[in-house]
Amino acid sequence: MNFKLDENFGNRTQHLFKAMGHDVQTVSSQTLSGCSDQRLYEVCCVEKRCLITMDLDFADVIRFSPSPSSGIAIFRVPRNPGIDLLEQLANQFLKAITTLPIEKKLWIVELGRIRIHQSETESML
């Protein structure tokens with residue numbers, strides 16, 4: 001699967017994704033650091049990459065609809081999380097995507113659970 005790691009993730013997280021066989025790009029490696037959330041969202045949609053971020057602004061499904069995307073995963077962490085916590089969340093997320101599709105979905109990844117946003121059309125089925 002193709003992922004884009006937001007600028008708050010480091011090399012260690014990138015290596016976890018690559019070790020599981022995923023294609024990973026980072027915001028910083030593509031000189032997108034500091035770009036607007038809208039620009040980052042559009043780039044991810046065009047590149048067909050699932051965005052991995054800690055930015056809660058991406059939870060706004062009106063502004064950043066998961067439907068045209070390859071997925072959005074928001075890692076919920078306390079301010080200034082340690083690398084160990086990020087690694088735990090990344091491993092939890094990577095395990096979950098082996099059985100659940102993230103494409104066109106918004107996932108909120110918290111320690112011990114993942115909340116999946118369900119669109120109105122999905123909830124009507």
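Just after helix α1, Gly21 adopts a positive phi of about 90 degrees. The model considered here is a predicted one, and this glycine offers a convenient way into the helix that comes before it.

Helix α1 spans residues 11-19, and its buried residues are Thr13, Gln14, Leu16 and Phe17. These residues sit on the same side of α1, because the arc they cover around the axis is only 155 degrees. The spacing fits a familiar rule: an α-helix has 3.6 residues a turn, so residues three or four places apart point the same way. What lies against this buried side? The buried residues of α1 pack against three strands, β1 (2-5), β2 (23-26) and β3 (50-53), and against helix α3 (83-96). On the face turned away from the buried side, α1 carries the exposed residues Asn11, His15 and Ala19.

Positive phi values also turn up in residues other than glycine, and two lysines deserve a look. Lys48 has a phi near 55 degrees and is found in the loop that links α2 (37-47) to β3. Lys48 counts as exposed because its relative accessibility, 57%, lies above the 50% cut-off. The strand that follows this loop, β3, is also one of the elements against which the buried residues of α1 pack.

The second lysine, Lys104, has a phi near 65 degrees, again a positive value in a residue other than glycine. Lys104 lies in the loop between α3 and β5 (106-110). With a relative accessible area of 48%, Lys104 is partly exposed. Helix α3, at one end of this loop, is likewise among the packing partners of the buried residues of α1.

Terms used
Residues numbered from 1 in each chain as written. Predicted model: local features only at pLDDT ≥ 70, side-chain atom pairs only at ≥ 80, totals over all residues. Heavy atoms only, no water. Buried < 20%, exposed > 50% of the residue type's maximum accessible area, 1.4 Å probe, protein only. Helix = DSSP H or I, 4+ residues; strand = E, 2+ residues; numbered from the N terminus. Arc of directions from axis to C-beta. Contact = heavy atoms within 4.5 Å.
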